[in-house]
Amino acid sequence: MVVVGIAGVVGVLVSVLAMAEGFRYTLASTGRDDRVIMLRAGSDAEMSSGIDRDQATVLTALPGIAREVGGRPQVSAELVVMVDLPRKGGTEPNNVPFRGVQRAAFAIRDEARLLEGRRFQPGLREVIVGRKAARQFAGLDVGSRIAFRDSDWTVVGIFESGGDVHESEIWADAEVALSAFRRTGYQSVTARLADGSDAGIAALRDAIGRDRRLSITVFREPEYYARQATVLSRLITVLGYTVASFMAVGATFGALNCMYSVIASRQVEIGTLRAIGFGGTPVVVSVMIEALVLALVGGAIGGTLAYVYCDGASLSTLNFNTFSQVAFDFRVTPGLLLRGLGWAFVIGLAGGLLPAVRAARIPVTEALRTL
């Protein structure tokens with residue numbers, strides 16, 4: 001009973017925290033220190049930002065931007081909108097991020113590589129989809145046609161980008177996307193810096209600050225995406241600890257009942273040990289060792305089950321910062337497993353202490369009377 005109860009607590013705790021860890025990792029692993037994302041001043045997310053074409057052109061020409069071999073700046077002005085797609089096996093629409101990118105996007109994000117098919121051709125209504133989006137949502141196989149905004153788009157490729165947030169997106173040519181969604185400007189501008197150090201990004205911010213045509217905030221990519229993970233990861237973590245706390249209370253009472261029953265069935269043995277000279281301390285220690293061993297065995301079983309059934313499992317959920325679906329994998333890390341064992345240890349300690357004290361205080365005469 002003790003082992004099963006504690007295994008349930010640890011299994012639930014580790015599983016829920018693995019979801020928060022996977023979501024946080026997916027967003028925090030997006031971006032590199034030598035890349036920046038530029039938004040309208042006052043905006044903290046692409047969906048609330050807006051950059052017109054003239055500003056995007058000015059940002060492209062700023063000093064400090066890395067350039068390709070031919071001298072073309074590594075800058076991509078991008079449109080981000082939401083499209084409705086059902087999950088596989090479902091009918092309810094979900095907000096899936098649709099990103100219009102410029103040609104330089106593939107040079108800037110060189111970690112993105114095709115798994116199937118080819119890249120979209122500029123000027124055509126073709127899209128490539130992230131690996132996780134293709135796994136979670138219906139109609140995103142290569143060769144499929146998806147309909148939104150009164151038009152049909154052909155899926156021509158599936159890409160991966162190291163497990164980051166872009167694998168939850170659909171990419172298309174920015175100019176075609178602007179026309180299809182009847183937009184006149186972009187949401188963000190992503191660029192690679194020639195100097196990715198603090199001095200390099202400070203010089204870029206100074207250049208933007210001196211230009212009165214611009215009202216732009218510059219974020220390093222890792223900083224920006226880490227901010228997007230805060231609200232939901234905290235919510236999931238609080239939920240996990242809340243559910244586990246209620247279950248832990250039940251498991252503690254279960255451990256108390258079991259250990260009291262053990263003590264009651266061993267009164268003769270305890271009385272005999274006391275009669276031949278053992279004090280109360282060895283009795284307390286022996287009962288506590290038994291309770292803690294049972295608790296740690298339960299914790300190990302719960303952690304193992306969480307790892308086997310949850311680690312690497314895919315899920316998509318709504319990111320409250322952007323109101324878009326983000327697909328991610330559960331991550332059962334060694335730290336989470338140790339945290340689960342810590343909870344098991346505390347439950348075992350709480351469930352074994354009072355019975356151990358009770359065992360040590362049983363009078364010898366009362367214990368031997370049951371012979």
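User: Hi! Which side chain does Arg35 meet in a salt bridge?

Analyst: Arg35 meets the side chain of Glu111, at 2.9 Å from N to O. A salt bridge here is a side-chain nitrogen of Lys or Arg within 4 Å of a carboxyl oxygen of Asp or Glu. This is a predicted model, where local features need pLDDT of at least 70 and side-chain atom pairs count only at pLDDT 80 or more, while totals for chains, interfaces and linings use all residues. Residues are numbered from 1 along each chain as its sequence is written, and side-chain values use heavy atoms, leaving out hydrogens and water.

User: Where do Arg35 and Glu111 lie?

Analyst: Arg35 lies in strand E1 (residues 35-40) and Glu111 in the loop between helix H3 (105-108) and strand E5 (113-117), so the pair ties together parts 76 residues apart in sequence. Helices (H or I, at least four residues) and strands (E, at least two) are DSSP runs, numbered from the N terminus.

User: Are Arg35 and Glu111 buried or exposed?

Analyst: Both Arg35 and Glu111 are buried. Buried means under 20% relative accessible area, exposed over 50%, and partly exposed in between (1.4 Å probe, protein chains only).

User: Cool. How many salt bridges does the structure hold?

Analyst: The structure holds 19. Another one joins Glu160 and Arg113, at 2.5 Å from N to O. Glu160 lies in strand E8 and Arg113 in strand E5, so this pair links parts 47 residues apart in sequence.

User: And is Glu160 buried or exposed?

Analyst: Glu160 counts as buried because its relative accessibility is 17%, whereas Arg113, at 48%, counts as partly exposed.
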